[in-house]
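Okay, thanks for squeezing me in this morning. I'll put the structure up and talk you through how one of the chains is put together.

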Amino acid sequence: MRISSVLLLLIGPATLHAQTVDDGMLFPRRALSAGVVYAHEDWSQYWEGTLKRENGNIGTVTTQRVSWTAGYGVTDRLSVMVTVPYVATRASQGPLQGMSGVQDFMLAAKYQILATPLTDRGTLRALVVGAAGIPASNYTPDFQPLSIGLASRQVSGRFTLNFQARDGWFLNGSAGYTWRANVKLDRPAYYTNGQLYLTDEVAMPDVVEYSIGAGLQQGRLCIPVTLSQHRTLGGGDIRRQDMPFVSNRMDFARIDGMVMYSVPAPRNLGIRVGTSRIVSGRNVGQATEVTGGLFYNFHF
Amino acid sequence: MRRSLTHSVLALALTCAACDHTITSTELLPPLDAASLDSAAGSWRMIVLSGPTQFPVTTPAADTSAAYRAELAAIRAAQAHLTAAQRRTIAYWSAGGVLRWNEIVRGLVARFNLPPAPRADGTYPVPDPENPFADPQFPFANPPYAARAYSYLAVAQFEALKTAWYWKYQYNRRSPAQLDTGIAALRPLSDLPAYPSEDAVISGVTVELLKVLFPAAVEEITQRAAEQRNAALWSGKAAPSDIAAGLTLGKAVAVVFVARAGADGMKNAGGTPAQWQAFADSAVAHGEIPWQSQESPPRPPMLPNFGLLQTWLMTPTDVVTERPPAPPSTLSDQMQQEVAEVRRTVDHLDGTQLAIAYKWNDGAGTYAPPGHWNDIAAEYVRDARMSEVRAARTFALLNMAMHDAAVGCWGVKFLYFNPRPGQLDPNIKTVIGLPNFPSYPSGHSTFSAAAAVVLSYLFPRSSAQFDAMKDEASISRLYGGIHYRSDIERGKEHGARIGGYAVRFAQQDGAN
């Protein structure tokens with residue numbers, strides 16, 4: 001009882017802000033938040049294995065994404081979220097065609113296992129998240145870097161610790177593990193990681209992610225900054241002058257900043273803008289992303 | 001609520017049970033139990049060698065000799081302590097050396113099928129066979145190089161095995177497992193004479209050729225070949241003297257092919273900047289738009305002189321007379337319509353067409369189009385339970401046809417120096433990599449038609465399937481946005497004519 005009342009206090013102003021699987025926020029019970037997020041990402045340099053380079057045959061690769069998301073507070077401790085992105089890619093140079101389509105349908109459930117006052121400064125909370133993703137169209141993963149995704153079914157588990165200070169500051173630490181199912185190609189053989197595989201099936205190495213974040217949440221404003229590490233547990237490097245491959249060892253560290261704001265009028269409307277930049281990587285482009293989103297909240 | 005959480009966690013866990021990560025990289029092949037011994041293979045017609053007696057094999061010691069009995073004792077001793085790894089080696093090679101090496105070489109082609117990266121100044125280094133481990137690695141196993149490599153391997157193995165078969169039936173020495181009840185047959189027992197060992201013949205001829213074709217992989221190749229010989233020994237199939245004689249024979253035959261490879265024109269296939277310019281000038285002089293590299297920075301065309309290489313079954317005159325007619329003029333209405341068709345096609349691909357484009361892409365980093373047809377043929381060879389010598393014949397016929405198809409096709413490509421669709425209409429964006437050489441005629445179509453003709457002759461009950469695969473492989477280039485329809489149609493006709501040479505050879509080589 002005591003924990004719940006603290007929680008309600010905390011969650012009150014944060015209603016609009018629980019929008020990612022790795023943050024420490026939840027939707028209040030029977031609150032539905034629906035939104036659309038646009039993201040624009042581009043890179044002209046990428047890591048071919050560990051070698052950073054440019055490539056005149058692709059120039060700058062741009063990925064645009066429009067995601068529909070919805071989150072719902074089943075109880076005060078359990079939220080569910082769904083996301084479906086539409087993705088379009090293009091290369092600024094060279095002969096290759098960009099691709100577009102509906103990417104992966106993602107479903108996540110976020111559950112608070114603990115919320116306890118820590119001294120009199122704030123509250124410590126622990127959350128677990130289970131998520132599953134499945135390709136929502138039969139796009140090809142075999143045209144990297146212009147494929148719209150990796151086309152792998154996946155399941156992930158995540159643990160998040162969040163400390164919310166009374167004065168609005170918060171700290172966030174999160175770690176996740178993603179199991180990825182084999183991917184099927186349209187061709188009968190492929191070469192990766194030093195070996196020819198005489199099959200159309202590709203084993204996808206699992207992925208771990210961890211992140212630390214800090215930010216300020218006051219009134220209508222929430223400003224988180226996050227540093228995250230993404231590591232693929234296996235997979236081959238892109239060979240010299242080769243194309244990337246779906247199961248490559250894709251690693252990166254990224255800095256993310258975001259501003260979320262619940263506008264005074266109309267009520268229930270929130271906006272979100274953010275930017276991120278990959279600071280180091282392997283077999284990925286050094287992407288810079290800007291995002292903007294609108295969310296509307298319904299209370300039942 | 002707690003229950004619903006449990007349920008959702010359970011559901012997620014179940015979804016993950018579907019994430020089976022096990023992938024088998026090599027072909028799962030049953031142990032070779034040949035449908036026929038092909039005991040007359042020693043008299044089959046040779047292609048390069050003068051005959052089976054060009055390389056004599058010395059008389060083996062008698063089964064009853066002390067030396068041979070000591071060899072049998074050594075096998076018994078080896079079999080008494082076989083490790084799991086040794087048993088895996090036996091199982092791997094028991095599928096047949098010809099099939100396994102074909103698979104290994106497809107892996108080597110895929111490994112080496114990468115174009116050199118540009119230098120900072122926008123030029124491209126040339127892979128150097130004298131310095132194969134440098135960047136760029138040698139070779140760049142592009143489609144013509146791959147066609148040639150597969151053919152050398154297959155023809156050399158075929159000639160060496162025909163020679164081996166001849167001597168096997170001269171000496172008729174039985175295998176250790178047949179001669180000594182204390183030796184287990186860990187591979188299907190056959191009445192094929194053991195001396196000289198066919199496994200050792202294949203390993204010897206293959207290693208010496210691959211050292212030249214893929215010098216940077218010498219370590220792996222040498223290890224594999226030693227494993228193959230060990231597998232023959234451990235399995236009770238061959239005695240050390242069977243293996244020694246086979247290895248000597250295989251290496252001797254290889255010398256002939258290494259010499260041929262050194263003088264077949266490959267060394268000059270890359271051409272010179274003056275030649276590259278001359279191709280463009282010639283096209284302009286004929287009132288045509290010349291091909292231009294669409295890469296950035298522009299890359300010299302792929303092996304412009306490959307069309308001058310020595311062929312296996314065609315004379316230089318045949319190569320010229322079998323050529324298709326000139327493509328439609330780059331300025332003609334027909335060309336305009338064909339460009340428009342490519343644009344229309346790539347802009348409105350359905351899922352099936354896109355899948356076909358990817359299935360037959362066979363671009364950089366893959367085993368190349370000739371490798372794809374070897375992949376296809378391997379299943380038929382396996383299912384037909386062909387003896388090693390007959391399997392070698394199948395791959396020799398297939399790969400001679402595809403090598404000759406590469407030579408024929410490249411000659412025409414550089415005769416006309418025709419631009420790719422995306423050069424004539426920059427709005428054409430491709431869904432597969434754009435090959436860096438002239439368009440007319442389509443190499444895929446030429447390779448595929450030549451391969452389909454040969455495989456249809458060898459496996460007549462499946463000719464409809466080969467025909468369908470050939471058509472699919474060919475049209476995949478239109479779906480990919482990299483070829484006009486006339487490239488494809490003329491390429492298929494050209495390839496079929498070239499494949500006919502291999503069929504005519506096969507009809508009279510004594511193997512039917």
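So, the domain assignment splits chain B in two: domain 1 is 41-59 + 66-262, and domain 2 is 271-507. Keep in mind that this is a predicted model. Between the C-alpha centres of domain 1 of chain B and domain 2 of chain B you have 30 Å. Where those two meet, 35 residues of domain 1 of chain B and 34 residues of domain 2 of chain B make up the contact.

Which elements give two or more residues to the domain 1 side of that contact in chain B? They're helix H4 (97-112), helix H5 (143-171) and H7 of chain B. H5(B) gives the most there, with 14 residues. And if you sort that side of domain 1 of chain B by class, you get 22 nonpolar, eight polar and five charged residues.

Okay, stepping back to the fold. Chain B has 19 helices and zero strands. Its radius of gyration is 25 Å, and the globule rule gives 24 Å for 512 residues, so chain B is as compact as a globular protein of that length. In terms of a box along the principal axes, the C-alpha atoms of chain B fill roughly 85 × 80 × 50 Å. Buried residues account for 53% of the 512 residues in chain B. And for the contact-map people: take the contacts in chain B between residues at least 6 apart in sequence, and 85% of them join residues at least 24 apart.

Now the partner. On the chain B side, 46 residues are in contact with 40 residues of chain A. The elements of chain B that give two or more residues to that side are helix H1 (2-17), H4 and helix H13 (351-359). H1(B) has the largest share, six residues. By class, the side of chain B that touches chain A comes out as 22 nonpolar, 15 polar and nine charged residues. You'll have noticed H4 of chain B turning up again: it's listed for the side touching chain A, and it's also listed for the side of domain 1 that touches domain 2.

Last thing, one single residue. Where does Asp191(B) sit? Asp191(B) is in the loop between helix H6 (176-179) and helix H7 (198-213) of chain B. Buried or exposed? Asp191(B) has 10 C-beta neighbours inside 10 Å, and the cut-off for exposed is 12 or fewer, so Asp191(B) counts as exposed. If you go from Asp191(B) to His403(B), 212 residues apart along the chain, their C-alpha atoms are separated by 35 Å.

Terms used: Residues numbered from 1 in each chain as written. Chains lettered and ligands numbered in written order. Predicted model: local features only at pLDDT ≥ 70, side-chain atom pairs only at ≥ 80, totals over all residues. Helix = DSSP H or I, 4+ residues; strand = E, 2+ residues; numbered from the N terminus. Buried ≥ 20, exposed ≤ 12 C-beta atoms within 10 Å, placed from the backbone. Rg over C-alpha atoms; globule rule 2.2 N^0.38 Å. Contact = placed C-beta atoms within 7 Å. Domains from an automatic or database assignment. Nonpolar A, V, L, I, M, F, W, Y, C, P; charged D, E, K, R; others polar.
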